[in-house]
Amino acid sequence: MIVYVEFNFMLELALGQEQSAAAEAILAGAEQGKLILAFAEFAVSEPFATLTQRGKRQLELSKRLGEELRQLQRSKPHQPAISTILTAPAILSSVAQIEADRLRGTVERLLASGTALHLDSAAFNGAVAYQLLYQLAPQDSIIYAVVVADLRARPSGESKVFISRNWKDFRSPDILAELQSHNCAYAESFDEGLALINAQP
């Protein structure tokens with residue numbers, strides 16, 4: 001089976017979010033050769049941009065919280081309560097590095113076991129058309145165009161699934177019909193995607 005994922009797959013694993021166990025099982029399936037895990041090369045950079053912004057916010061919050069705690073520590077009535085959260089700024093500061101390390105590890109695993117789909121001029125022109133046709137955001141239209149280009153190159157009888165938690169954009173009747181014409185199901189969660197994968201004979 002061929003499984004298409006996008007940037008939110010990498011973020012799910014890096015951040016250990018609620019569906020990370022299903023995402024981990026999918027990635028492990030690719031590492032074990034049980035499925036083909038395909039992704040748009042274009043999508044790899046987006047999680048790093050997301051975590052960079054997230055890290056900046058965490059650092060700013062850490063600094064503000066540290067300053068506030070130092071002020072509150074000067075007040076004796078607050079000292080017992082404040083002592084229980086004095087480590088919070090340091091924890092916030094370390095979270096960004098932990099998440100960045102997890103993302104790098106996830107991307108390394110994905111590159112080692114997955115199939116990177118290239119963006120060429122034909123796919124880009126298709127993305128421009130999809131952006132107008134389906135009212136997709138530019139990055140979503142590029143990911144979708146790259147996926148469709150790969151679908152067209154694969155045998156029609158091969159089972160496929162495109163997993164994206166961005167269901168508000170991708171679960172339109174026209175997109176679902178186009179995917180189905182290539183024997184590709186759509187899953188709006190990693191749990192749903194894993195269930196489809198496991199249902200394959």
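This report describes the overall form of a predicted model of one protein chain, then one helix and three loop residues.

## Overall form

The protein chain holds ten helices and five strands. Its C-alpha atoms fill a box of roughly 70 × 40 × 30 Å along the principal axes. The radius of gyration is 21 Å, whereas a compact globule of 201 residues would have a value near 17 Å.

Of the 201 residues in the protein chain, 41% are buried. Contacts that link distant parts of the sequence are frequent in one respect: among those between residues at least 6 apart, 71% join residues at least 24 apart.

## Surface and charge

The protein chain has an accessible surface of about 10,600 Å². Carbon and sulfur atoms account for 55% of that surface.

There are 18 positive and 23 negative charges in the protein chain. The mean position of the positive charges lies 9 Å from that of the negative charges.

## Helix H7

Helix H7 covers residues 138–153, which is 16 residues. At 1.5 Å a residue it should span 22 Å, and the end C-alpha atoms are 23 Å apart, so the two values agree.

Many residues of H7 can be listed as buried: Asp140, Ser141, Ile142, Ile143, Tyr144, Ala145, Val146, Val147, Val148, Asp150 and Leu151. Two of these, Val148 and Leu151, are also touched by His182.

## The loop between H9 and E5

Helix H9 (173–181) and strand E5 (184–187) are joined by a loop that contains His182. Asn183 is found in that loop as well.

His182 has a relative accessible area of 17%, and it is buried because the cut-off is under 20%. Leaving aside residues up to four places away in sequence, His182 touches Val148, Leu151, Arg152, Ser156 and Lys160.

Asn183 has a relative accessibility of 28%, so it counts as partly exposed. The phi angle of Asn183 is positive, about 60°, although the residue is not a glycine.

## The loop between H6 and H7

Gln135 sits in the loop that runs from helix H6 (121–134) to H7. Gln135 is not a glycine, yet its phi is positive at about 60°.

The relative accessibility of Gln135 is 62%, which means that it counts as exposed, the cut-off being over 50%.

Notes
Residues are numbered from 1 along each chain as its sequence is written. This is a predicted model: local features need pLDDT of at least 70, side-chain atom pairs count only at pLDDT 80 or more; totals for chains, interfaces and linings use all residues. Side-chain values use heavy atoms; hydrogens and water are left out. Helices (H or I, at least four residues) and strands (E, at least two) are DSSP runs, numbered from the N terminus. The radius of gyration is taken over C-alpha atoms; the globule rule is 2.2 Å times the number of residues to the power 0.38. Buried means under 20% relative accessible area, exposed over 50%, partly exposed in between (1.4 Å probe, protein chains only). Contact means heavy atoms within 4.5 Å. Accessible areas come from the Shrake-Rupley method with a 1.4 Å probe; for residues, only the protein chains shown count as cover. Lys and Arg count as positive and Asp and Glu as negative; His and the chain ends are not counted. The place of a charge is taken as NZ of Lys, CZ of Arg, CG of Asp or CD of Glu. The expected span of a helix is 1.5 Å times one less than its number of residues.
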